[in-house]
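Open the model in your viewer and keep the selection box ready. This tour goes stop by stop: what to select, and what you will find there.

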Amino acid sequence: MNKYHAVAVIVDGYRFASKREARRWQDLKLLVAAGAINGLRRQVSYVLHACDPRGHPVIVGRYIVDFDYWTVKRVAADADAHVLEDAKGVRTALYRWKAKHLTIEYGLTVREV
């Protein structure tokens, strides 16, 4: 058990930080099997950058998202959507900063489940 009382579990040979995250993995696998999403990945790392005083980019952190996948378009006019998900129990200040930074830098929003 960690400091936020999450209990780590093993599902499909993968270690998940919480039961909530493991349940979401199982739900997403069903959506892959149904053809609703594709490209499902877990623990995907995004490097976060800022600029130093001279304007050169420097790495200031890393955001590791629980799940990364694409929704499947249903009709020709729809576009596939890139989705990032995090199974959150506690929204820490660091998490909020990293999620906001990710949105600004990459134009992607983290969906909390």
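Is R54 buried or exposed? R54 is exposed, because its relative accessibility is 66%. (Buried means under 20% relative accessible area, exposed over 50%, and partly exposed in between, with a 1.4 Å probe and protein chains only.)

Before moving on, note what you are looking at. This is a predicted model, in which local features need pLDDT of at least 70 and side-chain atom pairs count only at pLDDT 80 or more, while totals for chains, interfaces and linings use all residues. Residues are numbered from 1 along each chain as its sequence is written, and side-chain values use heavy atoms, with hydrogens and water left out.

**Stop 1: the whole chain**

Show the chain as a cartoon. You should find 2 helices and 6 strands. Their order from the N terminus is β-β-α-β-β-β-α-β. (Helices are DSSP runs of H or I with at least four residues, strands are runs of E with at least two, and both are numbered from the N terminus.)

The C-alpha atoms fill a box of roughly 50 × 45 × 20 Å along the principal axes. Of the 113 residues, 30% are buried. The accessible surface is about 7300 Å², and carbon and sulfur atoms hold 56% of it. (These areas come from the Shrake-Rupley method with a 1.4 Å probe; for residues, only the protein chains shown count as cover.)

Now colour by charge. There are 19 positive and 12 negative side chains. Lys and Arg count as positive, Asp and Glu as negative; His and the chain ends are not counted.

**Stop 2: salt bridges**

Side chains of opposite charge can pair when their charged atoms come close. The structure holds 6 salt bridges. (A salt bridge is a side-chain nitrogen of Lys or Arg within 4 Å of a carboxyl oxygen of Asp or Glu.)

Go back to R54 and add D52. Their side chains meet in a salt bridge, 3.2 Å from N to O. D52 counts as buried because its relative accessibility is 18%.

Next, select D12 and K29. This salt bridge is 2.3 Å, N to O. D12 lies in the loop between β1 (9-11) and β2 (14-16) and K29 in helix α1 (residues 19-34), so the pair ties together parts 17 residues apart in sequence. Both ends are partly exposed: D12 at 47% relative accessibility, K29 at 33%.

Then select E85 and R24. Their closest N and O atoms are 2.7 Å apart. E85 sits in strand β5 (residues 82-86) and R24 in helix α1, so this pair ties together parts 61 residues apart in sequence. E85 is buried, with a relative accessible area of 0%. R24 is buried too, at 17%. Add R111 to the selection: R24, E85 and R111 are linked in a network of salt bridges.

**Stop 3: two buried acids**

Which side chain of opposite charge is nearest to D86? It is K88, 4.3 Å away; D86 is buried yet has no salt bridge. D86 lies in strand β5. Beyond its neighbours within four places in sequence, D86 is in contact with residues including Y63, Y95, R111 and V113. (Contact means heavy atoms within 4.5 Å.)

Now select E21, in helix α1. E21 is buried, with a relative accessible area of 4%. Leaving aside neighbours within four places in sequence, the contacts of E21 are F16, R42, Q43, D66, F67 and A87.

**Stop 4: positive phi**

Most residues other than glycine have a negative phi. Select D12 again: its phi is positive, about 55°, although D12 is not a glycine. Then pick Q43, where phi is also positive and near 55°. Q43 is in strand β3 (residues 37-51). Q43 is partly exposed, with a relative accessible area of 36%.

**Stop 5: a nonpolar patch**

Finish on the surface. Select V58, V60, L94 and W97. They form a nonpolar patch with about 340 Å² of accessible area together. (Patches are made of residues with over 30% relative accessible area and no salt bridge; like charges are joined within 9 Å, nonpolar side chains (Val, Leu, Ile, Met, Phe, Trp, Tyr) within 5 Å.) β4 (57-71) and α2 (93-106) each supply at least two of its residues. Zoom in on W97, in helix α2. W97 counts as partly exposed, at 39% relative accessibility.

Technical notes. The place of a charge is taken as NZ of Lys, CZ of Arg, CG of Asp or CD of Glu.
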